[in-house]
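Work through these exercises with the model open beside you. Try each task before you read its solution.

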Amino acid sequence: MKILPQLSKSIILYGLSATQDCYTPASIRRDTVLKGDRPYSALMFLGHFKISNNEEKKQRLTSEIDLGAIGPCAKCEEEQKGIHKALDNIQPLGWEYQISNDILINYSMRYEKNIFSKKLIDLTGMAEVNAGTIYDNAAIGANLRFGKMQGYFENMRSKKLQLYVSAQGWAKAVAHNGTLQGGLFSKSVNTLSYNEIAPVVLRGSLGLTLSYKKISIEYCRIFITREIKTWWAHGWGYINISTYF
């Protein structure tokens with residue numbers, strides 16, 4: 001608890017997370033190292049986070065520590081091959097060149113502050129920093145929401161019905177990305193140098209959230225600029241279902 005700071009006179013929420021991230025190059029049909037492309041890499045880690053929310057000052061501090069590993073021990077190769085086999089699809093080639101096993105220890109902190117708020121719309125600014133063996137970066141951005149919703153910094157366990165659209169954008173300065181450059185304590189067959197990765201990555205997202213009582217359902221579409229200088233922009237989507245206890 002002592003390494004996860006909090007705001008004064010705030011409501012505190014704690015959480016646990018379990019994450020597996022699997023990354024592949026643009027093509028999974030070539031059994032060779034693709035120079036200038038993203039290497040295969042796999043992450044698996046447990047996270048412990050604290051959310052410190054001050055409704056009066058309309059600010060929030062979220063801090064998190066993650067512990068786990070990068071490399072074959074995260075089992076992304078077996079997972080992807082199993083899914084492809086079950087779907088009678090082609091088997092991915094090149095996993096033998098994935099980032100090697102290494103330790104994942106990462107610490108992150110995000111600060112959010114209200115900029116503008118009315119009944120149906122609000123704008124929140126944010127700043128974030130990540131430091132550790134896999135990710136080292138800093139970002140600034142803003143989040144705009146519109147619709148039927150409670151205030152962003154009000155009680156997060158509200159029983160009110162909410163339905164709103166959110167648009168978020170931020171710019172991130174990258175010092176190290178272990179999924180591209182490898183871990184700190186091992187050597188990998190295929191990695192990128194710092195000169196090959198983009199020092200600044202821009203990200204934008206558009207989402208729709210439905211929330212009632214203890215359940216929240218969110219759909220979001222995310223777009224980012226190139227992470228590798230010779231690569232291209234990328235995008236993905238997700239559905240997130242959350243509950244409070």
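## Exercise 1: The nonpolar core

The largest nonpolar core has 10 residues: V174, L180, L192, I197, V201, C220, I222, I224, I228 and W231. Strand β9, residues 215–224, gives the most to this core, with 3 residues.

This is a predicted model, in which local features need pLDDT of at least 70, side-chain atom pairs count only at pLDDT 80 or more, and totals for chains, interfaces and linings use all residues. Residues are numbered from 1 along each chain as its sequence is written, and side-chain values use heavy atoms, with hydrogens and water left out.

Task: Find which residues I222 touches, then place S216 and say whether S216 is buried or exposed.

Solution.
- Step 1. Fix the terms. A nonpolar core is a set of buried Ala, Val, Leu, Ile, Met, Phe, Trp, Tyr and Cys residues joined through side-chain atoms within 4.5 Å. Buried means under 20% relative accessible area, exposed over 50%, and partly exposed in between (1.4 Å probe, protein chains only). Strands (E, at least two residues) and helices (H or I, at least four) are DSSP runs, numbered from the N terminus.
- Step 2. Take I222, a core member. Not counting residues up to four places away in sequence, I222 touches R203, G204, S205, H234, G235, W236 and Y238. Contact means heavy atoms within 4.5 Å.
- Step 3. Take C220, also in the core. C220 is buried, with a relative accessible area of 4%.
- Step 4. Turn to S216, found in strand β9. S216 is buried, at 17% relative accessible area. Its contacts, leaving aside neighbours within four places in sequence, are T209, L210, S211, N240, I241 and S242.

## Exercise 2: The disulfide

Task: Which cysteines form a disulfide, and what parts does the pair tie together?

Solution.
- Step 1. Count. The structure holds 1 disulfide (a pair of cysteine sulfur atoms within 2.5 Å). A disulfide is a covalent bond between the sulfur atoms of two cysteines.
- Step 2. Name the pair. C22 and C76 form the link, with sulfur atoms 1.9 Å apart. The angle about the S-S bond is -75°, and the link of C22 and C76 is left-handed.
- Step 3. Trace the chain. C22 lies in strand β1 and C76 in helix α1 (residues 76–86), so the pair ties together parts 54 residues apart in sequence.
- Step 4. Check accessibility. C22 is partly exposed at 36%, while C76 is buried at 2%.
- Step 5. Check C73. Its sulfur is 9.8 Å from the closest cysteine sulfur, in C76, too far for a bond. C73 is partly exposed, at 40% relative accessibility.

## Exercise 3: The largest cavity

Task: Which residues line the largest cavity, and where is V33?

Solution.
- Step 1. Define the space. On a 1 Å grid over the protein atoms alone, a cavity is a set of points where a 1.4 Å probe fits but cannot get out; a pocket is an open set with protein on both sides within 12 Å along at least five of seven lines; lining residues have an atom within 4 Å of a point. Grid points are joined across faces, edges and corners, and a volume is the space filled by probe spheres set on the points.
- Step 2. Count and size. There are 2 cavities of 30 Å³ or more. The largest cavity holds about 70 Å³.
- Step 3. List the lining: P25, R30, T32, V33, L34, R38, P39, Y40, L93, G94, Y97 and N190.
- Step 4. Locate V33. It sits in the loop between β1 (11–23) and β2 (41–54). V33 is partly exposed at 23% relative accessibility.
- Step 5. Find its partners. Leaving aside neighbours within four places in sequence, V33 is in contact with Y97, V189 and N190. V33 and E96 are 63 residues apart in sequence and 9.5 Å apart in space, C-alpha to C-alpha.

## Exercise 4: A pocket and positive phi

Task: Which residues are closest to the centre of the second largest pocket?

Solution.
- Step 1. The second largest pocket has a volume of about 210 Å³. Of its 15 lining residues, the closest to the centre are K58, S117, G151, Y152 and E154.
- Step 2. K58 lies in the loop between β2 and β3 (59–70). K58 is partly exposed, at 35% relative accessible area.
- Step 3. K58 has a positive phi of about 50°, although it is not a glycine. Most residues other than glycine have a negative phi.
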